[in-house]
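Colleague: Please take a close look at one part of this model for me. Pick a sheet, go strand by strand, and then work outwards from there.

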Amino acid sequence: MPRKVVIIGAGIAGLSAGCYAQMNGYDSEIFELHDIPGGLCTAWERKGYVIDGCIHYLFGSGEGQPFNQMWQELGAVQSREMIDHDELMRVIDGDGRTFVAYCDPDRLEAHLHELSPADAPLSSAFAAGVRQFQRFDMSVLQSKPRRIMTPADWAHFLGAVLPYTGAMARWGRLSAARFANRFHDPLLRAGWKLVFGWENIPLMVGMFLLAYLANRNAAFPAGGSLAFAGAIARRYEALGGKIHYKADVERILVEGNKAVGLRLYDDSIHMADAVISAADGRDTLFSMLGEEYLGPGLKRLYNGSLPLHSQVQVSWGVARDMSAEPHWATYLLEKPELIGGLERTALGVKHYAFDPSLAPEGKAVVEVMLESTYDYWQRIYGRRLYDTEQRQVCDQVTEHLERIYPGIRNQIEVSDVVTPLSYERYTGNWLGSTCGWLLTDRTMVKMIAGLPKKLRALQNFYMAGQWVEPGGSVPVVALSGRNAIQLLCHDDRQPFVATTA
Ligand SMILES: Cc1cc2nc3c(=O)[nH]c(=O)nc-3n(C[C@H](O)[C@H](O)[C@H](O)COP(=O)(O)OP(=O)(O)OC[C@H]3O[C@@H](n4cnc5c(N)ncnc54)[C@H](O)[C@@H]3O)c2cc1C
């Protein structure tokens, strides 16, 4: 009889673990609290507009490039159009001066030299870093769990990584903000803090991103995030796996020192030979396992040693052709403005007109993301103020949108606001985190090392997903699900196999 594996969560990590479990002869079932697959990799429909809640860039979108083989195995990319961009984002100041973060390092370097000749050496060093990382296969960092690597695996790993250790040491511990502060030009000083999402992101991560965008290996998957996740769910079911939706796991069952199954909130019991949690890390360790298996390291970690990241997403469906507009532009505000509890100095406006399947013809979804804190929204949740605050944030941002695109206010057909509480409610992620532990110049080393996927005192139990791979991201958590099955196969003394859909 095949060994039974139960998996908590049908996010990308859980779906991936499920697919590889089936490929390796296990009989697996996934228990998911929501009624759709994907977890954070999701989208929702409002009046004919598909509001995407996740992927801006997918590493592995380019055939034959790093991470692509895994997506082929997961059935996620076959016959899916990939939409590449020539620029990541542009930053525009009050006078209309524009810094374009071109993906192509040559074009970027030339543009930066033209914008600010005084900053040419810094700009050239950055472009050289991007060129160097264009040759780096990032997936080797996680292609096999370190614990089970053979001497041949280590040789391959070191051969792939060693040529880049100098560049990693140089750029991995430098934040975008500290890099930005070295520039003379005020637009570039402001711009470098904005283009990669958050200002204490290691610059190396931004370089990787541009390098993969330049290689045409970080595209937007046409159809959006939910369609992408749906393809992996279908692959899992085609491999014989079963997903139970609206199945909220309360407890991981333990006998002796072994995980033996799950109990759901409806009191149903599901016994298994192995348990994989691809759900929220804190919920798994503190609640489903009742804090019993936490060493001091994990306790410290969850007691606040690493930062989290959540946000507010304001989206509109607009009856306006946006296709000639830059797909992502951040506008520097003339004076700081308090929006959603935090002072803002810039506002990034994104649209999805590049994928016509996401809106009725000639219309588009437009979106603004604002960094936010869970506490701010939690304090007012359940009170009338919560809805009022959501509306106020939406109104404030709409004011800016109207200044940028005159007339757009009257073209808005639908508005939608997501807060950190929405992320928490729909995916169970602690404090509404959108990527687990936030990746910063100080957490970089932990990212490369990863966090424990097994607990010393508990056998037959594995963890996968963004809470064991700081920084998260769709390809990294998919690899994490794959790694969990590699560990399981290793523990069961059987070879790991992967097949292509
Ligand atoms: C706005 C946004 C933009 C992003 N942009 C990108 C991007 O451009 N590129 C990129 O690569 N990544 C991006 N990410 C990050 C990426 O989406 C996540 O890191 C990744 O999807 C996390 O996957 P996961 O499977 O680890 O976790 P999750 O997606 O959180 O999945 C966990 C699943 O477990 C379920 N669950 C939780 N508790 C229980 C329970 N008790 N019982 C049953 N089920 C449970 C949840 O419902 C969920 O489905 C973005 C994320 C967000 C929110």
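Modeller: Start with β6 and strand β9 (residues 218-221), which run antiparallel and are joined by 2 bridges. This is a predicted model, so read everything below as computed from it. Within that pairing, M82 stands opposite P221 of β9.

Now turn to the other partner of β9. β5 also pairs with β9, again in the antiparallel sense, over 2 bridges. Here F59 faces A218 in β9. Put together, the strands make an open sheet of 3, in the order β5-β9-β6, with antiparallel pairing. β5 (58-59) and β6 are the edge strands, and each has a single partner, so one side of each has no neighbour in the sheet. As a general point, strands of a sheet pair through backbone hydrogen bonds, either parallel or antiparallel.

Next, look at the chain leading into β6. The loop between α2 (68-73) and β6 (82-83) holds S79. Phi of S79 is positive, about 50 degrees, although S79 is not a glycine. S79 counts as exposed because it has 5 C-beta neighbours inside 10 Å.

Which residue outside that loop is also a non-glycine with a positive phi, near 60 degrees? It is N460. N460 lies in the loop between α16 (444-449) and β20 (461-463). Is N460 buried or exposed? N460 is buried, because 22 other C-beta atoms lie within 10 Å and the cut-off for buried is 20 or more.

Go back to β9 and look at the helix α9 (residues 203-214). Its 12 residues should span 16 Å at 1.5 Å a residue, and the end C-alpha atoms are 16 Å apart, so the two agree. How many of the residues of α9 are buried? The count is 12 of the 12, so the helix is largely enclosed by the rest of the structure. Among the buried residues of α9 are L203, M207, F208, Y212 and A214. R216 follows α9 and has a positive phi, near 60 degrees.

Another strand to inspect is β7 (residues 87-92). 5 of its 6 residues are buried, so β7 is largely enclosed by the rest of the structure. β7 pairs with strand β8 (residues 98-102) in the antiparallel sense, over 5 bridges. M89 has A101 of β8 as its bridge partner. The two strands form a hairpin with 5 residues between them. In that turn, G96 has a positive phi of about 90 degrees.

β7 has a parallel pairing too. Strand β16 (residues 328-339) pairs with β7 in the parallel sense, over 3 bridges. R90 has A329 in β16 as its bridge partner.

The loop between β15 (310-318) and β16 carries E325. E325 is partly exposed, because 16 other C-beta atoms lie within 10 Å, between the cut-offs of 12 and 20. How far from K454 is E325? The two are 129 residues apart in sequence and 48 Å apart in space, C-alpha to C-alpha.

Now the domains. The assignment gives domain 1 (4-44 + 58-80 + 222-305 + 439-491), domain 2 (102-213) and domain 3 (310-427). The centres of domain 1 and domain 3, taken over C-alpha atoms, are separated by 30 Å. 7 residues of domain 1 are in contact with 5 residues of domain 3. On the domain 1 side of that contact there are 2 nonpolar and 5 polar residues, and no charged ones.

Last, the ligand. 37 residues lie around it, and G9, G11, G39, G465 and G472 come nearest. Two elements give two or more residues to this shell: α1 (12-23) and α17 (474-491). By class, the shell around the ligand has 18 nonpolar, 15 polar and 4 charged residues.

To trace the sheet on screen, use the facing residues as markers. For β5 and β9, find F59 and A218. For β6 and β9, find M82 and P221. The hairpin can be found the same way, through M89 and A101.

How values were computed
Residues numbered from 1 in each chain as written. Predicted model: local features only at pLDDT ≥ 70, side-chain atom pairs only at ≥ 80, totals over all residues. Near = placed C-beta within 6 Å. Helix = DSSP H or I, 4+ residues; strand = E, 2+ residues; numbered from the N terminus. Nonpolar A, V, L, I, M, F, W, Y, C, P; charged D, E, K, R; others polar. Pairing = 2+ DSSP bridges. Domains from an automatic or database assignment. Contact = placed C-beta atoms within 7 Å. Expected span 1.5 Å × (residues − 1).
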